[in-house]
Amino acid sequence: MSDSAPHLRLGTCDYPEHVPEDRWAAYARGQRELGLTFVRVAEFAWSRMEPRPGEYDWAWLDRAVEAYHAQGLRVVLCTPTATPPAWLIRAHPDILPHDAQGRVREFGSRRHYDFASPVFREHSRRITRALAERYGEHPAVAGWQTDNEFGCHGTARSYGGASAAAFPGWLRQKYGTLDALNEAWGNVFWSMEYGDWEEIRPPALTVTEPNPSHVLDYARFSSDLIRDFQAEQVALLRELSPGRFVTHNFMIFESGFDHYAVARGLDFVTWDNYPTGMLEFFAPPGVGEALKTRYARTGHPDLVGFNHDLYRGLLKGHGGWEAETGKTQPHTPGFWVMEQQCGQVNWAPANPLPADGAVGLWTAQAWAHGADVVSYFRWRAATMAQEVMHSGLLRHDETPDRGHAEVAGLDLGSFPLGEVPARVALLHDYESLWLYDQQPHSAALSYWAQTVAYYSALRSLGVDVDVVSADADLGGYAVAVAPAVTLVPPERAARWQAAVEGDGLRLVCGPRTAFRTPGGQTWAQGQFGRLSELVGARLLNYDSLRPGLEQAVGGGYAAQFWAESYRLAGAQATHRYQGGPLDGQPAVIRHGPVTVIGAHSEALIRDVLRDVLEQAGVATSDLPDGLRLSRRAGVTLVQNWTGENVAWGGRTLGPVSFEVRAEG
Amino acid sequence: MSDSAPHLRLGTCDYPEHVPEDRWAAYARGQRELGLTFVRVAEFAWSRMEPRPGEYDWAWLDRAVEAYHAQGLRVVLCTPTATPPAWLIRAHPDILPHDAQGRVREFGSRRHYDFASPVFREHSRRITRALAERYGEHPAVAGWQTDNEFGCHGTARSYGGASAAAFPGWLRQKYGTLDALNEAWGNVFWSMEYGDWEEIRPPALTVTEPNPSHVLDYARFSSDLIRDFQAEQVALLRELSPGRFVTHNFMIFESGFDHYAVARGLDFVTWDNYPTGMLEFFAPPGVGEALKTRYARTGHPDLVGFNHDLYRGLLKGHGGWEAETGKTQPHTPGFWVMEQQCGQVNWAPANPLPADGAVGLWTAQAWAHGADVVSYFRWRAATMAQEVMHSGLLRHDETPDRGHAEVAGLDLGSFPLGEVPARVALLHDYESLWLYDQQPHSAALSYWAQTVAYYSALRSLGVDVDVVSADADLGGYAVAVAPAVTLVPPERAARWQAAVEGDGLRLVCGPRTAFRTPGGQTWAQGQFGRLSELVGARLLNYDSLRPGLEQAVGGGYAAQFWAESYRLAGAQATHRYQGGPLDGQPAVIRHGPVTVIGAHSEALIRDVLRDVLEQAGVATSDLPDGLRLSRRAGVTLVQNWTGENVAWGGRTLGPVSFEVRAEG
Amino acid sequence: MSDSAPHLRLGTCDYPEHVPEDRWAAYARGQRELGLTFVRVAEFAWSRMEPRPGEYDWAWLDRAVEAYHAQGLRVVLCTPTATPPAWLIRAHPDILPHDAQGRVREFGSRRHYDFASPVFREHSRRITRALAERYGEHPAVAGWQTDNEFGCHGTARSYGGASAAAFPGWLRQKYGTLDALNEAWGNVFWSMEYGDWEEIRPPALTVTEPNPSHVLDYARFSSDLIRDFQAEQVALLRELSPGRFVTHNFMIFESGFDHYAVARGLDFVTWDNYPTGMLEFFAPPGVGEALKTRYARTGHPDLVGFNHDLYRGLLKGHGGWEAETGKTQPHTPGFWVMEQQCGQVNWAPANPLPADGAVGLWTAQAWAHGADVVSYFRWRAATMAQEVMHSGLLRHDETPDRGHAEVAGLDLGSFPLGEVPARVALLHDYESLWLYDQQPHSAALSYWAQTVAYYSALRSLGVDVDVVSADADLGGYAVAVAPAVTLVPPERAARWQAAVEGDGLRLVCGPRTAFRTPGGQTWAQGQFGRLSELVGARLLNYDSLRPGLEQAVGGGYAAQFWAESYRLAGAQATHRYQGGPLDGQPAVIRHGPVTVIGAHSEALIRDVLRDVLEQAGVATSDLPDGLRLSRRAGVTLVQNWTGENVAWGGRTLGPVSFEVRAEG
């Protein structure tokens, strides 16, 4: 494979403001020598850009950018709004957000602002404008990152102050009348009906759980705030920095806002990939201690892969990376890993060293799932403040750390850009997530746990997957899987029906599909609401199983955590429950091209999916534990995520390793 | 057995305000066709009764009541004070209660009021009067429920606002002088002595644990508030709705107030019975995961039975159900199950489907423990708001759910009304509960855990039990068991002594009996205080055992969590400790008809109780695991709570089933 | 051994204000008859000393002191400032401290004051002066205890109010300029730079973790407040009570302030020893359930021994007990156990009875570790308030409890005073503790856990240990062990280097040694900072291991929780890692007399220490599990902490027993 063809490029995150200026040239040279293309800077540097109100200091940043430029590095600049400085906060303490316990979240770390604060919005625009005016057309500047990790540390929602003040207005705009709101929320239920818009508060500190419709609208409202906040920055950057891309670095399994809405308007999406911390800290319920120990040094392939596929699909059908290249990409808009773990992290209960080979494996996997750029966090480990225990490519003492060697050993030419040839779409929906987790009904299961179970089953069958919006265009897919899309508005139901009936799509749904109305209620006619005809069945019973209580399914399966059964109205049962309250009732049903799996059983999910995929002509493989295949641009990345040798396709892969093969 | 003799009747909870009016007639017809007699309505409907301050809207409720009336259903109406509407709260935010962390508990669910709020008291009286004036003499109205589930969601106490303001006055009335209060609380202990009534606050947010006497009086004060709050409603209902009963629906294991005091003045008591949620969520410490899994689909027979027997005994010696019948009942004042689970609940960490047969079994058990009416919650599953995942007799789509079929299959004539022939009284005391759990000393044991252990031992021996106040008249009982009555005032001691010495009662006490004075201190002369002579012993040592640390007792027993020993002063030791710090010391002592069990060991408790019962002439049976006997009106209900066949009395009962036999 | 030689003396804590005055003479007589010398009184009696503002009532205390005096008991009086009375708090509510959640900590228990409150400081001086004027020269008064248990219940720091107001001034005094502070804290990291001193708040309620340098300085500031608070009392006591000692009773494993700084100026140190509660409640992470059950009735020998050795060493090199004796002691300044558990405690999740023999064993151990006086808590169990479940030497009913008999059986003459002949110093540092636990990086390991692991290894080898400040004079020691001294300023590094190079000291360091700068950052040149040359190595990698994930070390060892490796620059590797990311890298290194153990493995630590000790000429013994040796004044205390017989030195010790032998 030719090295000159478009291929994966690398970058790093660097913090010139953290080190003496005499290190800048050496660092930039080191970055260039390691083969990096991009360097992201300044996302937390507001106090240096504007040390005192209105007094800008660009001199240091000018010299820093020049240092990178001198080495031919392309700079990604950031709006520094994730860290408003002390002078701004103390002058306007109402910028601070409120937590769900009613407490003001204080200055002293980061993300200490309420997206609804008018005064913060004004300062956000002001600093963005000033920065973009200064660097918008600088030749070294490739593009922009807005803010940093929206929602991190539970900051997607503020439960008081500016957000509380803005909520009634948002509701008024949405509903027009209080009667409409009271009806949509079902407020009659506990005499929760409102007679004045100003009576309505955030859904916090209620005596017992708040109304899920109230929660759902507060999530939508908060998500809209983030979307609007970013849009103001994007508009300024478009105006003042023509030809540069604008992106944002999203978070692992972040659930606080609708990423599809917030991504709209960006050129491409990036996310921050920390596989070991993800497993230890962000893993959905049900990932047990044994699995966490087994994959402690690599992270779990499907947790990482899911996030890659999710972020690759965020802008599907919208925009594309045109700013940087000046021309339309030859493939689906790519994504970046803006922060890629390259050593231990510092924020999980345990923070083990990655296995030998893990940094390379993560990089290769990112590429194979569609990343065009992987940017390592960070160049040199910080010697100060909250993250001194976090690794970088260089150690505290500036010697190359373990990850540095792995990056140096990568053959970038073996990672060509191009399409991920997924024929399976996994449908994802933030509103369903919000409702599902507000009323999980079975504490051991969550939206993410249920969704990842289906994803992991698909990956264990060697299948490439696009994770896309539940409202995405499904043309071109052979199979769509909706693991937990519990909120299905009429328009969505119609779209799915058209794809199945018109385009020959095969659809597989998990339990609780289409259980909810857009308002967060249940359908008066019961599940599956407007989807009932397509499914050919209606809900019969649903069962929430405590850990240790299982419900058998014919064929030797055992449902855990959840089991639901159906009345057939056209569909046929392919599997039935055995024993217990659901004895003899349908557990899996098929209505032509539509299959619903009511029992949560990893083995059952996998077997049903294999069957559907084969009928759809999608080839499957029964992969050994810890081995994964990912395809891109006509080649296949074979990955061994385990600490042992694993044989596949006639060859043996060593522990924590990968191969790019012509076919998989 | 004749169907025309008085027998169990059924009801349901219905919410006409939750559904379109065109469903009302059909629902009432369905209820009648299912054989229901009663329908409870409107306990959360304040916002519909009074949409705006002072503007009443009765039209809808008139029509709803007529719809039931047309089908011959008898209506139980509720005062809607559990859900004050938004306009009232926003006009008077000081109605809101405060939690123990000092936070205001917000509007947006239910029970958001402080019982001490004068303004809320005024509105409570106003809406009660208005409702009672409208419907007090309506021919369909059988009676009234006050408010709903006092204490639910930890609302029995408010730790700020109106309650905090009222507390000093209550104390002044009780103690007269601060010297008396300081002495009663032992405030000298940590210089906690008060010099002004207004210095005294609720026992919250103290640097370390507050004074238990302070806690005890705050519990008494809060309990009095609930009693007085309800009494105001009861007085109005008596005035305006002559001939109708007044009741309240109490909660599973609710501990926040003195139920004996609050029940006084009601015609009879009702409670809300959710066996699976009870096991998963309300089970006392010590009920392990294995037991929770084993009984996940039925609940545990003794946890349910205990609550039945507790609520049956709440009004023992006071009042009776005369309002509805117009004549004195032929037996102990009955009770109702006002809300009976008939499918899955939605509020526990796991919410499994009941087993086939469970709804029938629960209904039969309720009857056999003295219920005259069982009313299912709810008619149709809610399609909106907080409880959409809770079942009803009808599903969301109005089809009959699993419970509906079980109810339809009941032979009500086989459940005759009549006496529960209990010869054993289990003595219960809320003040002991408050003190015990404020200073449990052994985190694995609680008042309820200790009490239920004795109850369960009795039930496993096939014995019927009355749970009664520790101050109840014990005439007629052969045996009284006081598992955890740690607070024994002189009057109580005298009453017990008289019953033992005068009436031939046998008394069995658990550990910590009579350890505390009425003020919450310990007796200066040590345990058993004023009971020492009757017991013929004094405390020697008490031992708090961590889980895993056991203290052996001669005869092959092992104490868990708690072991105490005694110095004999007339009593004899029937069991002694072996090994450990208590080696050779008395573990169980007997002084004529009085027995004290110092070691917490389920096997030992059971064996000692069997022995005492046999001496008292109370027949016992060693029941198989999960089989229970309950007697009423001359017949015996044999219950199999397990998922397997169980043989008893020469016949085999199928899984989760019951039989009414002429003798047990 | 002659009984007339100086030997251990005993005391108790008594509360005349808790009992009727007619008991006082009898109690004092009983104390004398039990052989007690000292009685501590009045530490919580402010509300009785000053019932109303400015109105002192000394009459009762006069009579109480006389009652002790009449029996020849020596009285230890206390300043009552741990319990400011209600009238003071309600007049000045700003005295109350704030917790880390922003809540005011309320009146109603104890320690409800902020050390920074100017008004409380004034009242502290006033009551101290009044008390000292009254009793300063009373012949019965032997000395004084300041306040009570600084820091108990998390009170070392207040996160608002007076402390928050005082913090900026302390910072200004320390740093002079904001530039210096911003640099020292590394505030540039997340734009946390301050432009005004008043912008700085306590490190609480931040959106995510605060800056560790901010935390470190807040801990120093709070520690200084305690030091200064006490110094004001000490100055008054010195002035008004000449010839009497002044001390304070410190807490088990209390971490909230620098005990070396606070102890400075006292005559000697005392601490409060509760072995069973210590194991159940204060044990560092890693002490598992099995160990807690095994030692439930004795506590763990090394947890107790560590605290003895820590408090013995607190004043090493400063002051001494001269006030009481009038002459210089013949040995290292002794310490007291001011409160010694003599039965069950009441404040742990489980509170078991001590084993037979435990009270004697604890007393003997205290003596052997250097205690000159052991004072039992308390004379009679309280019959009122928070501690009614706590034992005393007398029961509630005034009969002698189990501990009383053990105390009566002690042969005090067998416990001569004299030196503890430790040749090994364990280095301890509160600033390292604060930093370590702010960023543990491995949740299963803490500063105390790591430190106690080294201590316990030494004790298991039969070696006596001085726990001393990391800045102590190390002259005279053969070996110094620094388990977790992560903060090593240049002066400290120089001192260690001089002791090693000049005095022939052997030094053993644990992982993370010298990782941090005095400001709480990491060294730009990496670990070991200024110690690098002495160690002959630099950090290579560090690994945080989740429970269940181990890292093998050659020789059959397995690191848990932590593993770090080194680049050699003069040192040699004595042990290397096997497998995993550290495969082949040095795990233990030696550079002449300096050894660093990078792997946290109890077996490895023990083996390396044994080797170093033997090379240093310190004799070791491989003690059986639960057997311990402690030497003092030329004799050896052999202790069996287990419930079984254990053979040692040719003789068998019964369960929970000790022997004083001429040699060990």
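The following paragraphs go through the chain relations, domains, core and one interface of a predicted model.

A turn of 120 degrees, with a shift of 0.0 Å along the axis, lays chain B on chain C with an RMSD of 0.0 Å. The two copies are thus related as by a three-fold rotation axis.

Within a single copy, the domain assignment divides chain A into three parts. Domain 1 is made of the segments 9-81, 121-154 and 244-414. Domain 2 covers 424-615, and domain 3 covers 632-662. In chain A, the centres of domain 2 and domain 3, taken over C-alpha atoms, are separated by 32 Å.

Turning to the interior, the largest nonpolar core holds 646 residues. Trp496(A), Leu61(B), Leu427(B) and Trp496(C) are the residues with the most contacts inside this core. For Leu61(B), leaving aside neighbours within four places in sequence, the contacts are Ala42(B), Met49(B), Leu77(B), Leu131(B) and Tyr135(B).

The last topic is the interface of chain B and chain C. The size of an interface is often given as the accessible area lost when the parts come together. Here chain B and chain C bury about 4,700 Å² between them, and 53% of this area lies on carbon and sulfur atoms. Chain B contributes 51 residues to the contact, and chain C contributes 58 residues. Polar contact across this interface is found for 31 residue pairs, both residues being at pLDDT 80 or more. Seven salt bridges are also found between the two chains. A salt bridge joins the side chains of Arg546(B) and Glu289(C), with an N to O distance of 2.9 Å.

Key
Residues numbered from 1 in each chain as written. Chains lettered and ligands numbered in written order. Predicted model: local features only at pLDDT ≥ 70, side-chain atom pairs only at ≥ 80, totals over all residues. Heavy atoms only, no water. Core = buried A, V, L, I, M, F, W, Y, C linked by side-chain atoms within 4.5 Å. Buried < 20%, exposed > 50% of the residue type's maximum accessible area, 1.4 Å probe, protein only. Contact = heavy atoms within 4.5 Å. Least-squares fit on C-alpha atoms with pLDDT ≥ 70 in both. Domains from an automatic or database assignment. Buried area = accessible area lost by both parts, 1.4 Å probe. Salt bridge = Lys/Arg side-chain N within 4 Å of Asp/Glu carboxyl O. Polar contact = N/O pair within 3.5 Å; in protein donor to acceptor, adjacent residues only side chain to side chain.
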